[in-house]
Amino acid sequence: MATIHDAVLHPDKVELVTAWMGGQRWYVGAGRRPRLTRLDSWRLDDPAGEVGIETIAFLDESGTTPVVYQVPLTYRGAPLEGAEVALVGEMEHSVLGHRWVYDAPHDPVYVAQLLRLVRGQVAAQAGSVSDTVDPDVVGAPHPAWQDDPVVATSRVLVGEQSNTSIIVTPEPGTGAPVIIKVFRTLSPGENPDITLQGALAASHSPFVPASVGHVAGAWQRPDGSGRDLGQVVFAQEYLEGATDAWRVALRQAAEGEDFSPRARELGRVLARVHEDLARALPCVPADRDVVEQHVGSMRRRSARAMSEVPALAAHQAAVEHVLDRALEADWPALQRIHGDLHLGQVLDVPDRGWVLIDFEGEPLRPLAERNDVDSPLRDVAGVLRSIDYVVGTVARTHPGVDAGPWGRAAQTAFLDGYAEVGTDPRTHGALLTAHVLDKALYEVVYEAHHRPGWLALPTAAVEALVREVPS
């Protein structure tokens, strides 16, 4: 059981993490110095009694919108060999002496105990009271996953931005490889990545990784009125040898290789996933109030895009016309969907084919909105826009290569494949156009914030879409 020492720390944990957090890829306030307040914490025990393991929830109020972050730390009496990149800092502990503090996903002791927590084999401890279980932080093993892997080695996946993922290689005979996703920003409520992949895994869908389990957590509300409850960690099957569809498509486009057969297959897979989600989770009839709500969200995103890129204001009337047509269209029932589908969220797995991952939804949308039902056409539009991004990328990286015909053929094949299993998206032409336009406007905002040099690509798509719509 965790022992909490009455100790003086120098520097203290808030000071230490403040100096470190601003340089992390998952910190949403890039360029700002964090302004942190400790909200809550919980601990895990090291069976050897050598390493302190603590997860702290911090409130950052440096920006216009406060953000709650999950920061798992380990405390060691000697440096962790090979973990220099994960060193948060060093501190003096008045009881334990000099301590080295690490970003815990890089520490094998944390990883082993976290996986045991996910599988319900250990209990989380309170962060401020010794020898006390925290009843609000619990592991939830997925019932369809039968193995209990024992960690042999682990490594942090590089390149991620919003979360931290840990690849676990198990001891032989204890199970398959696992990937553990530590959510860095916390919001109360269910995480759609867990809900949707868990529902699909329970139906034994071959088109998503199998779910291993998750951790439900809790943290004090900033106003002190109680604890918010949410999901803080998710573990699933790790698909070895996989590459993402973006890389596959980009290579084939640059080399002039026909992507249409794979695009058709992806259309069939997405339609099957939509069918499985519609069976597993509630659907909502698209009555007038529901349609007005969803078109209203599109109008708000359009207004934001035009405020970010004033040049788009010249197309405001045409964009409104597209959305007016969507408002009057016949909408199919709404259901749970992927929500942020693009070729980077699809893996090409050897001997298995396409597998969809990362069902969290668009990161710029609030969690409650990402947990709502939506039109399956949003996912269809996401893939169509992603294929267009492949064409635009080839134009930048391979001057003289015209991938336009390649892209149009791939988009048609994708829609054909979807129609082989589900309703042909082209039968809802006004709605499909509205969703593709909505996605392009979302991309405008993203590029304006993160990659201004790429802004011309979604801007050109917006202009092309509104030109094609009948007046």
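Which feature does UniProt place at residues 20-107? The entry, which is unreviewed, gives "domain: Maltokinase N-terminal cap" for that stretch, and I should say at once that what we are looking at is a predicted model. In this model the span from 20 to 107 is 48% strand and 2% helix, and its end C-alpha atoms lie 17 Å apart.

Let me move on to strand E14, residues 227-237, which has a strand partner in E11 and another in E13. With E11, residues 178-183, E14 pairs in the antiparallel sense over five bridges, and within that pairing Ile180 stands opposite Ala235. With E13, residues 211-220, the pairing is again antiparallel and runs over nine bridges, and here Phe234 of E14 is the bridge partner of His214. E13 and E14 also form a hairpin, with six residues between them, and in the turn Gly224 has a positive phi of about 75 degrees. Is E14 largely enclosed or left open? Nine of its 11 residues are buried, meaning under 20% relative accessible area, so the strand is largely enclosed by the rest of the structure.

There is also an open sheet of three strands, in the order E15-E16-E17, with antiparallel pairing. Strands E15, at 243-244, and E17, at 353-356, stand at its edges with a single partner strand each, and therefore one side of each has no neighbour in the sheet. Between E15 and E16, the latter at residues 346-349, there are two bridges, and Thr243 stands opposite Asp348.

Turning to the helices, H10 covers residues 404-421, and its 18 residues reach 27 Å from the first C-alpha to the last, which is close to the 26 Å expected. Its buried residues include Trp406, Phe414, Leu415 and Tyr418, together with glycines such as Gly404 and Gly417. As for what they pack against, the buried residues of H10 meet helix H4 (245-255), helix H5 (260-280) and helix H9 (377-397).

Finally, how many cavities of 30 Å³ or more does a search of the whole structure find? The search finds two, and the largest has a volume of about 100 Å³. Fifteen residues line that largest cavity, and the closest to its centre are Ile337, Gly339, Glu369, Arg370 and Asp372. Helix H3, at 192-202, and helix H8, at 367-370, each supply at least two residues of this lining.

Terms used. Residues are numbered from 1 along each chain as its sequence is written. This is a predicted model: local features need pLDDT of at least 70, side-chain atom pairs count only at pLDDT 80 or more; totals for chains, interfaces and linings use all residues. Side-chain values use heavy atoms; hydrogens and water are left out. Buried means under 20% relative accessible area, exposed over 50%, partly exposed in between (1.4 Å probe, protein chains only). Helices (H or I, at least four residues) and strands (E, at least two) are DSSP runs, numbered from the N terminus. Two strands pair if DSSP finds at least two bridges between them. UniProt positions are given in the numbering used here, feature names are shortened, and annotations may be inferred rather than shown by experiment. The expected span of a helix is 1.5 Å times one less than its number of residues. Contact means heavy atoms within 4.5 Å. On a 1 Å grid over the protein atoms alone, a cavity is a set of points where a 1.4 Å probe fits but cannot get out, and a pocket is an open set with protein on both sides within 12 Å along at least five of seven lines; lining residues have an atom within 4 Å of a point. Grid points are joined across faces, edges and corners, and a volume is the space filled by probe spheres set on the points.
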